[in-house]
Amino acid sequence: MFNLFSVEGNICKNPEEKIFNDKKYISFSIANDGNSAETCFFDVLAHEPSEKMVEYMKKGQRIIASGRLVYSTKNNKRYYTLWADRLNLIFSPREKGEGE
């Protein structure tokens, strides 16, 4: 069974490069406040995004990540990881240099 999950939020920390099974990934977290009073945090692993995109992926940047959501349980808490196969950065007009 295949699941597809998308989350929109802000990058919590600058991406770090990781290697799993001889493949490059970047690792970062997304904070999503959604429609609830509680903020949800998602760890994200993305396989080989373009180097140009990674240059723009900084703490606080708005992003949409889509892929397969998996979770683990530790101390009766669930920890979610999104294995992303699609990343979309969201820029405001000011960030693009428009409207100034």
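How do the residues of the lining of the largest pocket divide into nonpolar, polar and charged? I took this question to the structure, which is a predicted model.

**Entry 1: the largest pocket.** I found five nonpolar, one polar and five charged residues in the lining. The largest pocket has a volume of about 210 Å³. I noted its lining residues, among them P15, E16, Y25, E48 and V54. At least two lining residues each come from β2 (16-20), β3 and α1 (51-56). The element that gives the most is β3, with three residues.

**Entry 2: the second largest pocket.** I recorded about 170 Å³ of space here. The lining consists of E38, T39, C40, F41, F42, D43, R78, Y79 and Y80. Two elements, β4 and β6, give two or more residues to this lining, and β4 has the largest share, with four residues. By class, I listed five nonpolar, one polar and three charged residues.

**Entry 3: cysteines.** I then looked for disulfides, and the count is zero. The sulfur of C40 is the nearest cysteine sulfur to that of C12, 11 Å away. A disulfide needs two cysteine sulfur atoms within 2.5 Å, so this pair does not qualify. C12 is partly exposed, with a relative accessible area of 25%. C40 is also partly exposed, at 33%.

**Entry 4: the nonpolar core.** In soluble globular proteins, nonpolar side chains tend to be buried together. The largest nonpolar core here holds 16 residues, of which F28, M57, I63, A65 and L87 touch the most other members. I noted that β6 supplies the largest share of this core, four residues. Finally, I looked up A65, whose contacts beyond four places in sequence include F5, I30, V44 and L87.

Conventions. Residues numbered from 1 in each chain as written. Predicted model: local features only at pLDDT ≥ 70, side-chain atom pairs only at ≥ 80, totals over all residues. Heavy atoms only, no water. Buried < 20%, exposed > 50% of the residue type's maximum accessible area, 1.4 Å probe, protein only. Core = buried A, V, L, I, M, F, W, Y, C linked by side-chain atoms within 4.5 Å. Contact = heavy atoms within 4.5 Å. 1 Å grid on protein atoms, 1.4 Å probe; cavity = no way out; pocket = protein on both sides within 12 Å on 5 of 7 lines; lining within 4 Å. Points joined across faces, edges and corners; volume = space filled by probe spheres on them. Nonpolar A, V, L, I, M, F, W, Y, C, P; charged D, E, K, R; others polar.
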